[in-house]
Structure formats: C-alpha cells, structure tokens
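I opened this model to look up its helix packing, its cores and a few single residues. My entries are below, in the order I made them.

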Amino acid sequence: MPENLLDSVLAQIEQNLSDTARAFANGQSDWSEFAVHILSQLLISVIYLGLLMAVYGVLISLARVVVGKQRTSHLWFVHGRTGVRYLFGLGGVLVIMAQFGAAPELLKAMARAGLMALAFFVAWLLLGRLIRDAMKRYRLDPSIRQLVENLFSVLTITFAGVTVLSQFGFDVISIVAGLGIVGIAVGFAAQSTLSNFIAGITLLIERPFRIGDWVTINGQDGKVVKIALRTTWLRTRDNIFTMIPNDNVASSEIVNYSAEGATRLNIPVGIAYKESASTAREVIMPVLFGHPEVLQSAGMEPRVVMKSLGDSSVDLEVKIWITPDNLDVQPGIMADVLEQIKEALDAADIEIPFPHLQLFIDEAKGLVPLVEPLYPGPGDLKPPRPESGENHD
C-alpha cells in the first residue's frame, strides 16, 4: 500500500512537470528544441542590448564633444544624459519582452507608460526650476519654499502614477474612489501622523522659527536645519541631530534666539568686598572692547554692572552682544571672555573670592590651655581667687 501511494505521487509530479514544460515550450515536448529556442532568444536579446549600448555610447560621446568637457558637469547635461539613458533602457526592456513573446498590446502599453513617465519627469524638472526661481525672486522664506517644493513633488508623483496606471487599462476613477475610502480608514488609524502633518503646515505658515535659527524646543537647544511635514530637525552644538514631532513642537514653548538679530550674553563675575567695583569695571572694559566677537555698535556696547551683594562677594555682570552667526560658538565666546577677564583681574591684583563662612557662637568662652605658660605674658595674668571666709570689703 505505501509503495502504490509513493508511485502515484511520483507519477503526479512527473505529469505536472511535463505540463509545465509544455506550457513554457508552447506545446512542444522536445526539451532540446525548447532549450535551443530559449538560448537563441537570449542570444538575440544580448545582441540587441549590445547594439543599444553601443548607440548610447556614441551619442553621449558626440554630445560631450559638441558641448565641451567643462559643460558636461552642468546640471542640464546630467539630466539630459539621464533621459537618454532612460529611453535606451526602456527600449531594451521592450526588446527583451518582444523576444519572449509578449503581446503587442502589452508592449504598446509599456511604451506609452514609459514615455508618459519621462514626460512627467521633464515637466517636474522644468516647472520645479521655474517655481524655485520665482520663490527666490520674491524672497520667500526657506521653510515656505520647502513646503511648496514638497507639495509640488507629491502632486507630480500622484498624477504620474495615475496616468501610468491608466495606460494599462486600470479604471482611474475607481482607483481614486478606493483611495478615498482607504484614506478615511487610514486617517482614523494614523491620527498621530495626520496631526503632525497639520502641525507642520501650521508651523510653516505661522513661522515661529526659520531654517537656520537657534531655538529651544521642549528643553532641547539646537539649530533648525529642516522643517519637514511630520518632524522638525535640530542640530545641537555637539553635531547631534534631533527630530521632534511637529505636534509636540506646535504645543510646546518655543524660544527663538535668532528672531531679532543680535543676542546679548550675561556673564557673572564676583570680586571681594574690599575691592572697588569701579576699579574692576575699568579693568574689565578693555578686555571687552578688544575681543573680536563682541559687538561695539550703538545700543549694543558692552557693559559691566553691579548685580547684587552676595554672601561672600560683590556680584558683577558683564553684558556683551554677539551676532546670530556666532550662536553656533556661543559657549566658546563666553569661556574665552571669562578667561581673559580673570587674567586681567589677576594682573590688577583684584581678588576673586571663593565662598566662605564665619561662625559666631553666643556666650562662647575660650578654652583653658592644658599646660600653663612658664613665663606668662600680660594677657595671661589673672587675679588671685579669694579664699573662702576672707572679707574683701
């Protein structure tokens, strides 16, 4: 019984393989003829591909001679070479499909779809260049430019995909209706993504910050390097990139250090109580005037003011202004200025105190020495104690 079952299984497998082979060989059961047919088609396809590559190489070489070697790195030449390469690649695919018996209707649909995709690519390049030039001409904010470019790219890809699918007989209206229904379902499932998308558009319209500004968002300091439709990218001074969801950005407190131009830095400096604040100011001011990164323009002159009287020092505050471009190296500027101030105060013998406490205890008495001095001093002489019963009236 097991042997009969095994024989029937092997016979069924052999029959299936034979049917598959006949299907690939168009009804031919001769394996040698089928192999020769496949090899011949492959050989013809390789010859056609070689011819296409040779023609492509000749055309590119002629174009380089006509344009010149210096202009071959130009963006338009690179795009043109990409388009020609795409056309030859499309031709190669059609040749291979034709060699293996693809239907003429499919080949026509493939050719139309490929040409439509190339047309959309060219339109995307031309219109994108015009839109970018127009936005630069009107000096739009980089964040607004980024939003427009992203929306233009999404719309172009969407229309290109619908047009290409229509060449293969797909019902575009049904596809769009289905996408609408699917979009509603996805909207409920991806509320967080949609909220980030809407918050990103809100940020690009309200513009609480721009690309290149130094900001603090959710306690994170950084330079805005990108405002995407879902996240905002910050780069810290340690060259660490942080991506914050736009929903969190829109609902949090935002501190922008670059919005109003120059930024003032406040550097605390303490001197001893015995020192003069005006003398310390005269020593510190030349340091501030001589620093190359400290602004000296009207209304932004460096100053030294007294802030408070501390527990162990007179607290001064050095106020300096720096340009927005120097916000990247703000800690370095503060450290450099503070170091030069300390060196100037040390050279002027102005004491920079450290915190200390002086303790006073009420009704405290000095300790009696363990050994009486051999030759007591004037302060060590004490009156004799009166003996008991002796009258000193």
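What follows is my notebook on this chain, topic by topic.

**Ground rules.** I am working with a predicted model, in which local features need pLDDT of at least 70, side-chain atom pairs count only at pLDDT 80 or more, and totals for chains, interfaces and linings use all residues. Residues are numbered from 1 along each chain as its sequence is written, and side-chain values use heavy atoms, with hydrogens and water left out.

**Overview.** I looked up the secondary structure and found ten helices and eight strands in the chain. Helices (H or I, at least four residues) and strands (E, at least two) are DSSP runs, numbered from the N terminus. Of the 393 residues, 24% count as buried. Buried means under 20% relative accessible area, exposed means over 50%, and partly exposed is in between (1.4 Å probe, protein chains only). I then checked contacts, meaning heavy atoms within 4.5 Å. Among those between residues at least 6 apart in sequence, 60% join residues at least 24 apart.

**H3 and H4.** I took helix H3 (residues 75-99) next. H3 has 25 residues and reaches 36 Å from its first C-alpha to its last, close to the 36 Å expected at 1.5 Å a residue. The expected span is 1.5 Å times one less than the number of residues in the helix. After H3 comes Gly-101, with a positive phi near 80°.

How do the axes of H3 and H4 cross? They come within 10 Å, H4 being residues 104-137, and the crossing is at roughly 170°. Therefore H3 is roughly antiparallel to H4. Axes are lines fitted to C-alpha atoms, for helices over the stretch in contact, and angles run from 0 to 180 degrees between N-to-C directions. Over 145 degrees counts as roughly antiparallel, under 35 as roughly parallel, 65 to 115 as roughly perpendicular and the rest as oblique.

I listed the residues that make the contact: on H3 they include Trp-76, His-79, Tyr-86 and Leu-90, and on H4 they include Met-110, Ala-111, Leu-118 and Arg-129. The residues of this contact divide into 17 nonpolar, three polar and one charged. In that count Ala, Val, Leu, Ile, Met, Phe, Trp, Tyr, Cys and Pro are nonpolar, Asp, Glu, Lys and Arg are charged, and the others, Gly among them, are polar.

**Leu-90.** Is Leu-90 buried or exposed? Leu-90 counts as buried because its relative accessibility is 14%. Leaving aside neighbours within four places in sequence, I found Leu-90 in contact with Met-110, Ala-111, Gly-114 and Leu-115. Leu-90 and Ala-111 are 21 residues apart in sequence, and their C-alpha atoms are 7.6 Å apart.

**Cores.** A nonpolar core is a set of buried Ala, Val, Leu, Ile, Met, Phe, Trp, Tyr and Cys residues joined through side-chain atoms within 4.5 Å. In the largest one, of 26 residues, Leu-288, Val-318, Ile-320, Val-337, Ile-341 and Leu-345 touch the most other members. Strand S6 (263-271), helix H9 (277-290), strand S8 (314-322) and helix H10 (330-347) each give two or more residues to this core. The largest share, seven residues, comes from H9.

I followed Val-337 outward: not counting residues up to four places away in sequence, Val-337 touches Ile-267, Val-287, Leu-288, His-291, Val-294 and Ile-320. A second, separate core of twelve residues includes Leu-147, Val-215, Leu-234 and Val-249.

Back on H9, I noted that its buried residues include Ala-277, Val-283, Val-287 and Leu-288. What covers the buried residues of H9 includes S6, strand S7 (303-309), S8 and H10.

**Asp-247 and Ser-195.** Asp-247 lies in helix H8 (residues 246-250), and Ser-195 in helix H7 (residues 191-206). Their C-alpha atoms are separated by 6.2 Å, with these positions 52 residues apart along the chain. Put in terms of sequence, Ser-195 and Asp-247 are 52 residues apart along the chain. Leaving aside neighbours within four places in sequence, Asp-247 is in contact with Ser-195, Asn-196 and Ala-199. Asp-247 counts as partly exposed because its relative accessibility is 34%, and Ser-195 counts as partly exposed at 25%.

**Positive phi.** Most residues other than glycine have a negative phi. I looked up two that do not: Asn-218 has a positive phi near 55°, and Asn-239 has a positive phi near 60°. Asn-218 lies in the loop between strand S1 (214-217) and strand S2 (220-227), and counts as exposed at 51% relative accessibility. Asn-239 is in the loop between strand S3 (231-235) and strand S4 (241-245), and is exposed, with a relative accessible area of 54%.
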